[in-house]
Amino acid sequence: MNRAVDPRDLNVHHADGVAKGDVLLEAKDVSLRFGGVKAITKISFDIRKGEIRAIIGPNGAGKTSMLNVINGFYTPQEGTITFRGVERRAMRTTDAARQGIARTFQNIALFKGMTTLDNIMTGRITLQKSNIFAQAIWRGPALREELEHRHRVEEIIDFLEIQHIRKVPVGRLPYGLQKRVELGRALAAEPALLLLDEPMAGMNLEEKEDMSRFILDVNSQFGTTIALIEHDMGVVMDISDRVVVLDYGRKIGDGPPDEVSKNQNVIDAYLGVPHE
Ligand SMILES: Nc1ncnc2c1ncn2[C@@H]1O[C@H](COP(=O)(O)OP(=O)(O)OP(=O)(O)O)[C@@H](O)[C@H]1O
């Protein structure tokens, strides 16, 4: 792996004064309903700076809804999200992105006709200082900024070992590589909090091992805090520091992987034992 990239150069944008181990994001009594469907009911948990936090649970448990609340896609009817000490109720996804929250999606959401390089470049949009008018008038600064963005993107491409596909339209890439490009695009935003929705879904064992390694490297080398939804329990137990478990929209477990895996409510939920 190319280790010429200095991770400190890649994660400078969101220096936030939150120390490693302190609470970066807190969800408090969050409830989300879609008409009569209760997707999330009074869920509270936190994400600490520097950790890998897994969100697990059976199908329909409310995991993706929770991620969508965190990145501002849904506004909960009740409860609050506090990010870097600032409480918010309603927020647009673009605001969340500007504040340092980036995400990948369960179904890959890349521009299939665009190259790997250009897709990852789109991840820089929220960091762009000059708008198109400034670019038209002040060619010098805008050009310098463009070169800086390109430089950062090339560093990410090296880091993720995808130099060989930088000019390939992503629609032509195998699934595992598309997932890696999507990770690259999220990283290009230099997030303080990276949300990954089922990063290993549909992957074979080797691809899962590669993705696990990249997630661990992003966390340890860039210091990026990561929250991920994952169904593969082996992966969750291997890479996460703490796990929050949802079932029918409620939190039924929260703690280190070995503790959560012994929690009877969690075992029952996965075995499909009926609940009251
Ligand atoms: N946009 C929506 N409109 C109506 N109901 C929704 C919507 N999104 C989610 N739901 C419902 O909310 C509940 C939680 O769904 P969610 O997708 O968050 O679960 P999940 O744990 O991510 O499931 P999976 O593991 O299958 O992806 C489900 O009952 C789902 O049908």
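For the classes used below, Ala, Val, Leu, Ile, Met, Phe, Trp, Tyr, Cys and Pro count as nonpolar, Asp, Glu, Lys and Arg as charged, and the others, Gly among them, as polar. The model is a predicted one, with local features needing pLDDT of at least 70 and side-chain atom pairs counting only at pLDDT 80 or more, while totals for chains, interfaces and linings use all residues. Residues are numbered from 1 along each chain as its sequence is written.

On that class scheme, the shell around the ligand has 4 nonpolar, 6 polar and 1 charged residues. Its members are Phe34, Val37, Ala39, Gly57, Asn59, Gly60, Ala61, Gly62, Lys63, Thr64 and Ser65, where being near the ligand takes a C-beta atom, placed from the backbone, within 6 Å of it. Both β2 and α2 supply at least two residues of this shell, and α2 gives the largest share, 3 residues. Helices (H or I, at least four residues) and strands (E, at least two) are DSSP runs, numbered from the N terminus.

Helix α2 itself (residues 63-70) is largely enclosed by the rest of the structure, because 7 of its 8 residues are buried. Buried here means that 20 or more other C-beta atoms lie within 10 Å of the residue's own, with C-beta atoms placed from the backbone. The buried ones are Lys63, Ser65, Met66, Leu67, Asn68, Val69 and Ile70. After α2 comes Gly72, with a positive phi near 85°.

Strand β3 (residues 52-56) tells a similar story: 5 of its 5 residues are buried, so the strand is largely enclosed by the rest of the structure. Ile52, Ala54 and Ile56 point one way and Arg53 and Ile55 the other, all of them buried. In a regular strand, side chains alternate between the two faces of the sheet. As for pairing, which takes at least two DSSP bridges between two strands, β3 runs parallel to β8 (residues 225-229), with 4 bridges joining them, and Arg53 sits opposite Ala227. Another 4 bridges join β3 to β9 (residues 242-247), again in parallel, with Ala54 opposite Val243.

Elsewhere, an open sheet of 4 strands runs in the order β2-β1-β4-β5, with antiparallel pairing. Its edge strands, β2 (37-48) and β5 (86-88), each pair on one side only. Neighbouring strands are turned by 20° against each other on average, direction ignored; the axes are lines fitted to C-alpha atoms, and angles run from 0 to 180 degrees between N-to-C directions. Within this sheet, β1 (residues 23-34) and β2 run antiparallel and are joined by 8 bridges, and Leu25 has Ile47 of β2 as its bridge partner.

Methods. Buried ≥ 20, exposed ≤ 12 C-beta atoms within 10 Å, placed from the backbone.
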